[in-house]
Amino acid sequence: MRKTVLLILVSLLTGSLFAQDPGAAEKNAGNVAWKAKNYTEAFANFEKYLKAVNYADKAYIYNTAVAATKSKNYAAAEKYFEMAIKNNYKIGSSYLGKAQAEEDLKKEGEMVTTLEEGLKAVPGNAKLENMYGTYFLKKGVEAQKANNLTTAAENYTKITTLYNKDLKIKAYMALGSLYFNNGASILQKATSFANTDKEKYAAEKEKATSDFGKALGYVEQAKILAPENPDVKELYAQIKAAMK
């Protein structure tokens with residue numbers, strides 16, 4: 001009788017030693033691969049683990065997204081960061097990771113939407129604001145070089161809604177320079193007929209003055225944020241001189 005009981009006990013203990021939670025082997029393999037910086041293998045194992053636990057591990061959904069990013073599997077990164085967002089897990093980093101994946105996938109429209117949604121969820125997030133502001137500064141410069149004043153202004157104006165002081169200053173200065181340069185260009189072209197067509201010259205001068213006024217308003221906003229900034233002071237002085 002004692003021998004039988006002992007055999008049953010040994011059997012139970014042996015079974016418990018080898019029993020594992022669902023996906024434990026894949027999770028462990030993923031962690032080992034992660035430490036070895038083999039992110040492709042880490043991603044593959046993490047994904048298997050998540051399927052085994054029916055995606056119930058919020059932390060590993062995020063980890064899987066990061067592993068996908070590091071292995072340059074941007075479509076998977078977008079997918080898993082979106083899942084992390086829905087789980088409200090590391091929300092700022094998840095929005096940023098999703099936006100970066102969309103940037104790498106050349107999905108600009110989706111990237112902008114993700115950044116805007118992220119900034120609504122975590123207002124003032126420094127990394128999201130930096131990515132958003134940098135993007136629209138670049139787009140503004142591109143539009144300005146293409147001589148598309150309206151689009152350039154729209155892009156720069158988006159940045160003025162951010163909390164980041166440096167980005168706001170850059171945006172206000174970009175807007176100020178945009179309208180100042182346009183006004184100066186109008187006035188320069190008008191000088192060729194200043195004496196021959198005074199009515200037309202007056203109309204063009206009025207357009208230039210209007211642009212100078214817009215430029216001054218934007219630079220004044222930059223001046224409030226950075227009153228001692230030499231670039232702000234210089235542009236402010238140039239506009240004031242042009243308006244005399």
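## The main nonpolar core

The largest nonpolar core, a set of buried Ala, Val, Leu, Ile, Met, Phe, Trp, Tyr and Cys residues joined through side-chain atoms within 4.5 Å, has 44 residues, and those with the most contacts inside it are Met 111, Leu 115, Leu 128, Tyr 156, Ile 159 and Ile 239. Buried here means under 20% relative accessible area, with a 1.4 Å probe and protein chains only. Two or more residues each come from α6 (91–104), α7 (108–121), α8 (126–145), α9 (149–159), α10, α11 (198–225) and α12, and α10 gives the largest share, 11 residues.

Another core, of 19 residues, lies apart from this one and has Leu 50, Ala 77, Tyr 80 and Ala 84 among its members.

## Basis of the values

This is a predicted model, in which local features need pLDDT of at least 70 and side-chain atom pairs count only at pLDDT 80 or more, whereas totals for chains, interfaces and linings use all residues. Residues are numbered from 1 along each chain as its sequence is written, and side-chain values use heavy atoms, with hydrogens and water left out.

## Packing of α10 and α12

Helix α10 (residues 165–190) packs against helix α12 (residues 230–242) at an angle of about 25°, their axes being 11 Å apart; the two are therefore roughly parallel, a term for angles under 35 degrees. The contact (heavy atoms within 4.5 Å) is made by Ile 169, Met 173, Gly 176, Ser 177 and Phe 180 of α10 together with Asp 231, Val 232, Leu 235, Gln 238, Ile 239 and Ala 242 of α12. By class, this contact has 7 nonpolar, 3 polar and 1 charged residues, Gly being counted as polar.

Terms used
Axes are lines fitted to C-alpha atoms, for helices over the stretch in contact, and angles run from 0 to 180 degrees between N-to-C directions. Helices (H or I, at least four residues) and strands (E, at least two) are DSSP runs, numbered from the N terminus. Angles under 35 degrees count as roughly parallel, over 145 as roughly antiparallel, 65 to 115 as roughly perpendicular and the rest as oblique. Buried means under 20% relative accessible area, exposed over 50%, partly exposed in between (1.4 Å probe, protein chains only).
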